[in-house]
Amino acid sequence: MLRYAGLLMAISSLPNRFGVGDFGPQTYQFIDYLYKAKIKIWQILPLGPLGFGSSPYQSYSSYAMDEIYISLDLLKKDGLIKSDIPKFNDKKNYVDFGDSRKFKRTYLLEAYNNFIEDREFHQFVKKHFWLDGYAYFMASKRVNSLRIWYEWKNLPNEDNIRYEKFLQFILYKQWFKLKKYANDLGIQIMGDLPIYVGLDSEDVYSNRKVFLLDENNNPTLVAGVPPDYFSPTGQRWGNPIYDWEYLKKTSFKFLKDRIEQNCKIFDILRIDHFRAFDTYWAINAECDTAIDGKWCFAPGYQFFEYLFKVSPHLKIVVEDLGDIRDEVRILRDHYSFKGMKVLQFSYTINPLFKDDNENMIIYTGTHDNETLKGWFYNHSKQEQRQIRLELQNNKINKFENVIDNLIYYTFSSGAKIAIIPMQDILHLDNKARMNTPSTCGFPNWTFRITDYKSFAKRLDFLYTLIKSTRR
């Protein structure tokens, strides 16, 4: 059986001389490091235009990418930028999305003004069915100071709309070159698709009948999860809930199109919050927390039967974490989807790797968890000793450092794929945590590294780890 080692790292978190990772030369360098370490899967976060709170899970579109990922260096190399481009925020140890976006926009406008439409551009526009709607939506947001769509008063002009198409043309072009580079080195890229979309998105603006909205275009029910490990009041995400009856009448076109397009962008697609295809938590929109909600049934089998009938070769994995009922696992296994297990949730007196299902992905943690170091040292001294003792008793003592042994423990699992966040590889504490669920704003989503020095020093460890666990 082939076993794969993976690394979880958001593109925005990569080093870059403009303060936020993008599709440029330093990301190619990152792929080279993955290749040297024998990492076969690079998992990233959603690439959509960042909306509320700069969260990649509250995007303006399921199809478009955020212009912040455009490489200015590559635009200059292509001759679209003539100006010299100084470094900007390259030493900041967090992503300042607002500042980097403002800085890059000056040069994106210069590139646009130097751009001459060609056959490749026209083919791109013709090929992507979603582009006209998104370009109009995003141009409209800009001329209305980014207000939500039902508050718009001003209309964009044709040049505003063309600019948005140009940005997506450049993004897709740069992305697929980067992806091909990774693929040619034997590295697959795992993308991420939230099951829900944001209210302030082109998805909702152009497909209002798909969602449960009132006459003023406000949601009547919103998505989230009930009280759980992360929050005693649950998580109120605020995304509008699907009208599943309408989806069924339209052969699930909206969901089918989203998944198919994202499977073209990535080698493997992870669907976030998979349990909502079985049962979903519907919260009264007037409730400020997630407490006032109810479980509702979704036609998951109907949807996936239709999806795989029309697109049988999609490579999908699913996020099935949390307190889920058996029917969710049955739905997952019916389609042989790989589910997820997280060391921080699963570490018990029985060694994790002895009873793992092969058809799954195991993590030390995800973007929503504490870092492994933060998690371990937040245990009591007695609990820490117990974990160390358990590792020793099960001969998981290959390395001197407990964090490395926990990573080794994870890679020794029977799961076909094992993925480690960059923060855990670098032994970073909770100051480097990517996101804390049920909270909003800084420092969520802003983690970044400023160079590859520490990562380069860990390549030998990764290589040894992967070789010794036969991944």
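**Two helices and a sheet**

Q: How do α14 and α15 lie, oblique or roughly parallel to each other?
A: α14 and α15 are oblique to each other, a word for angles outside the ranges under 35 degrees (roughly parallel), over 145 (roughly antiparallel) and 65 to 115 (roughly perpendicular). The model is predicted, with local features needing pLDDT of at least 70 and side-chain atom pairs pLDDT 80 or more, while totals for chains, interfaces and linings use all residues. Residues are numbered from 1 along each chain as its sequence is written, and side-chain values use heavy atoms, leaving out hydrogens and water.

Q: At what angle do their axes cross?
A: The axes of helix α14, residues 381-393, and helix α15, residues 402-411, cross at roughly 55° and come within 11 Å. Helices are DSSP runs of H or I with at least four residues, strands E runs of at least two, numbered from the N terminus; axes are lines fitted to C-alpha atoms, for helices over the stretch in contact, with angles from 0 to 180 degrees between N-to-C directions.

Q: And which residues of α14 and α15 meet?
A: From α14, Ile-387, Arg-388, Glu-390 and Leu-391 meet Val-402, Asn-405, Leu-406 and Tyr-409 of α15 (heavy atoms within 4.5 Å).

Q: Switching topic, what order do the strands of the open sheet have?
A: The 4 strands run in the order β5-β4-β7-β8 with antiparallel pairing, where a pair needs at least two DSSP bridges. β5 (235-240) and β8 (293-297) are at the edges with a single partner strand each, so each has one side without a neighbour in the sheet.

Q: How many bridges join β4 to β5?
A: Strand β4, residues 221-225, is joined to β5 by 3 bridges, and these strands run antiparallel; Val-222, for example, has Pro-240 in β5 as its bridge partner.
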